Amino acid sequence: MVKRWLPLEANPDVMNQFMWGLGVPEDVGFCDVYGLDDELLAMVPQPVLAVLLLYPQDRSKESQASATSSVETKEPSKNVYFTKQTVGNACGTVGIIHALGNATSRIKRAAFLEEDEEMENAHSIAATAGDTEAKDGVIEHYICFSCVDGELYELDGGTSQPIPHGPSTPDTLLQDAAEVIKARIAMYSQSNNFNVMALSGKAI
């Protein structure tokens, strides 16, 4: 990844500014998920269309965990919208695109991401709008969880394809994603750098 953008702050206002700046209706938006127990998940506005997780990713640690996992792997549904990340620090943008792409049929392709000046400008405006200084060299990484064809998928632009995590429904997406996120947090128990946001609103 030769080209690099400033990272997006893990802040719903920043995410919404970026998303709405691309023309997404403002009755759809990101909100914070304050915890992963049932009482706090119940506070998240419904319907939940996708879940974003920001965490201190270590690919070697995750490769070891997946190598010893007994979970059966299967081919992802052809209906999953998935794109690889080709721009450094664009994982927040790719996470938003994954969230939207699996919540609406309007976004058909994302190969434009690296060359699309409007996309880069919207990202830059949002990246500098947060409460913390936007700087390069971050180690945290955004991934998205979406429900497609009755399956929970982890969508990470740094991997080769969507990762299935078992059965899910639009109504249980948040709870199902929370279970996967709890396991991910346990894998990185020495860190506190986690943030969970949900994309909520009327079906687009």
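These legends go with several views of a predicted model.

**View 1. The whole fold, element by element.** Start with the parts list: the protein has six helices and six strands. Walk along from the N terminus and the elements come up as α-β-α-β-α-α-α-β-β-β-α-β.

**View 2. Inside and outside.** Of the 204 residues in the protein, 49% are buried. On the outside, the accessible surface adds up to about 10,500 Å², with 50% of that belonging to carbon and sulfur atoms. As for who touches whom, take the contacts with a separation of 6 or more: 75% of them come from residues 24 or more positions apart.

**View 3. Close-up on Thr86.** Thr86 sits in the loop that runs between α3 (59-67) and α4 (91-101). Is Thr86 buried or exposed? Neither, quite: its relative accessibility is 36%, so Thr86 counts as partly exposed. Look for Gly157 in this view too: Thr86 and Gly157 are 71 residues apart in sequence, yet their C-alpha atoms are 8.1 Å apart in space.

**View 4. Where to go easy on the details.** Across the protein the mean pLDDT is 79, and 71% of the residues reach 70 or more. Residues 110-115 are another matter, as pLDDT stays under 50 there; the model still gives this stretch twelve contacts beyond four places in sequence. Residues 132-137 also have pLDDT below 50, and the model shows eleven contacts for them beyond near neighbours in sequence. Where pLDDT is low, don't read the predicted coordinates in detail.

How values were computed
Residues numbered from 1 in each chain as written. Predicted model: local features only at pLDDT ≥ 70, side-chain atom pairs only at ≥ 80, totals over all residues. Heavy atoms only, no water. Helix = DSSP H or I, 4+ residues; strand = E, 2+ residues; numbered from the N terminus. Buried < 20%, exposed > 50% of the residue type's maximum accessible area, 1.4 Å probe, protein only. Contact = heavy atoms within 4.5 Å. Areas by Shrake-Rupley, 256 points an atom, 1.4 Å probe, with all protein chains shown as cover. pLDDT = per-residue confidence, 0-100.
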